[in-house]
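Please open the model in your viewer and keep the sequence panel beside it, so that each selection can be followed in both places.

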Amino acid sequence: MKPPLSDDALDLLFRKARTHHTWLPQPVSDEELRALYDLVKWGPTSANTCPARFVFLRTPEAKQRLKPALSPGNVDKTMAAPVTAIIATDFKFYEKMGKLFPHNAAMGERFAGNPQMAEITAFRNGTLEGGYFILAARAVGLDCGAMSGFDNAKVDAEFFPGGSIKSNFLCNLGHGDPSKLMERHPRLDFDEACQLL
Ligand SMILES: Cc1cc2nc3c(=O)[nH]c(=O)nc-3n(C[C@H](O)[C@H](O)[C@H](O)COP(=O)(O)O)c2cc1C
């Protein structure tokens, strides 16, 4: 069976893609960030809710606003990365359902009237979109360094004072220095992670 993507593409997306902590002095353009989002947005979400929101920090001033929220081990690599993305979730995503789910406008009201369902839907699908984000970044030729080591409340107070959008995780973007990578950690084998029933 021939894979629909070439071996090179599978290496780029998965097998040879690594989490980077050291960055080459090669910039990332706004056009690349737009190309990245133009792939992310096609990833599926339940009822097409699209709850993820992305803030790209590209300037030293923007990075300084993030710095106090970072765990000590994440400061230097984040300050050095060409771009740091805040992958966030809009817990009032249902306000956009008129555009996103036009054939069933009542869907938005269903979420608005059921906060528990709205919250789990937002977190599940926003996190899925975060995964699409990493793969899309790799697909447009960027390297990633995802991070959950930060103070979410501090980031939310600084960047999302409205209260309905909350940070999920951060992702440094750029061109990683492959010479600085440690050996890759193993993954679970099929039989450890999967069941065939
Ligand atoms: C959601 C998420 C959060 C992470 N948080 C951190 C972090 O705070 N600091 C860090 O150094 N690495 C962090 N990592 C990196 C992981 O440890 C790394 O992706 C994993 O060990 C696999 O490494 P590899 O992609 O090189 O195989 C995070 C990764 C993900 C996906």
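The stops below go from the whole chain to the sheet and then to the helices packed around it.

**Stop 1: the whole chain**

Begin with everything shown as a cartoon, and keep in mind that what you see is a predicted model. How many helices and strands are there in the protein? There are nine helices and four strands, and from the N terminus on they follow one another as α-α-β-α-α-β-α-α-α-β-α-β-α. If you look along the principal axes, the C-alpha atoms fill a box of roughly 55 × 50 × 35 Å. For 197 residues a compact globule would have a radius of gyration near 16 Å, and the value of 18 Å found for the protein agrees with this.

**Stop 2: the sheet**

Next, select the four strands, which form an open sheet in the order 1-2-4-3 with antiparallel pairing. Strands of a sheet pair through backbone hydrogen bonds, and the pairing can be either parallel or antiparallel. Which strands lie at the edges of the sheet? Colour strand 1 (52-57) and strand 3 (143-147), since these are the edge strands, each of which pairs on one side only. As you rotate the view, note that neighbouring strands of this sheet are turned by 30° against each other on average, direction ignored.

Now keep strand 1 and add strand 2 (residues 83-90), to which strand 1 is joined by six bridges, with the two strands running antiparallel. To see one such pair, select Phe 54, whose bridge partner in strand 2 is Ile 87.

**Stop 3: helices across the sheet**

With the sheet still visible, add helix 2 (residues 30-40), which lies across strand 1, strand 2 and strand 4 (165-174) and runs at about 170° to strand 1. Then add helix 7, which lies across strand 1, strand 2, strand 3 and strand 4 and runs at about 10° to strand 4.

**Stop 4: helix 2 against helix 7**

Hide the strands and keep these two helices, whose axes come within 8 Å and cross at roughly 130°; helix 2 and helix 7 are therefore oblique to each other. The crossing of helix 2 with helix 7 is right-handed. Show side chains for Leu 36, Leu 39 and Val 40 in helix 2, which meet Glu 129, Tyr 132, Phe 133, Ala 136, Ala 137 and Ala 139 in helix 7. Sorted by class, this contact has eight nonpolar residues, no polar ones and one charged residue.

**Stop 5: helix 1 against helix 7**

Finally, replace helix 2 with helix 1 (residues 7-15), whose axis comes within 9 Å of that of helix 7 (residues 115-139) and crosses it at roughly 135°. Helix 1 and helix 7 are therefore oblique to each other, and their crossing is right-handed. Which residues make the contact? Select Leu 12, Leu 13 and Phe 14 of helix 1 together with Leu 135, Arg 138 and Ala 139 of helix 7. The residues of this contact divide into five nonpolar, no polar and one charged.

Terms used
Residues numbered from 1 in each chain as written. Predicted model: local features only at pLDDT ≥ 70, side-chain atom pairs only at ≥ 80, totals over all residues. Heavy atoms only, no water. Axes fitted to C-alpha atoms, helices over the stretch in contact; angles between N-to-C directions. Parallel < 35°, antiparallel > 145°, perpendicular 65-115°, else oblique. Left-handed = near helix turned anticlockwise from the far one by under 90°. Contact = heavy atoms within 4.5 Å. Nonpolar A, V, L, I, M, F, W, Y, C, P; charged D, E, K, R; others polar. Pairing = 2+ DSSP bridges. Rg over C-alpha atoms; globule rule 2.2 N^0.38 Å.
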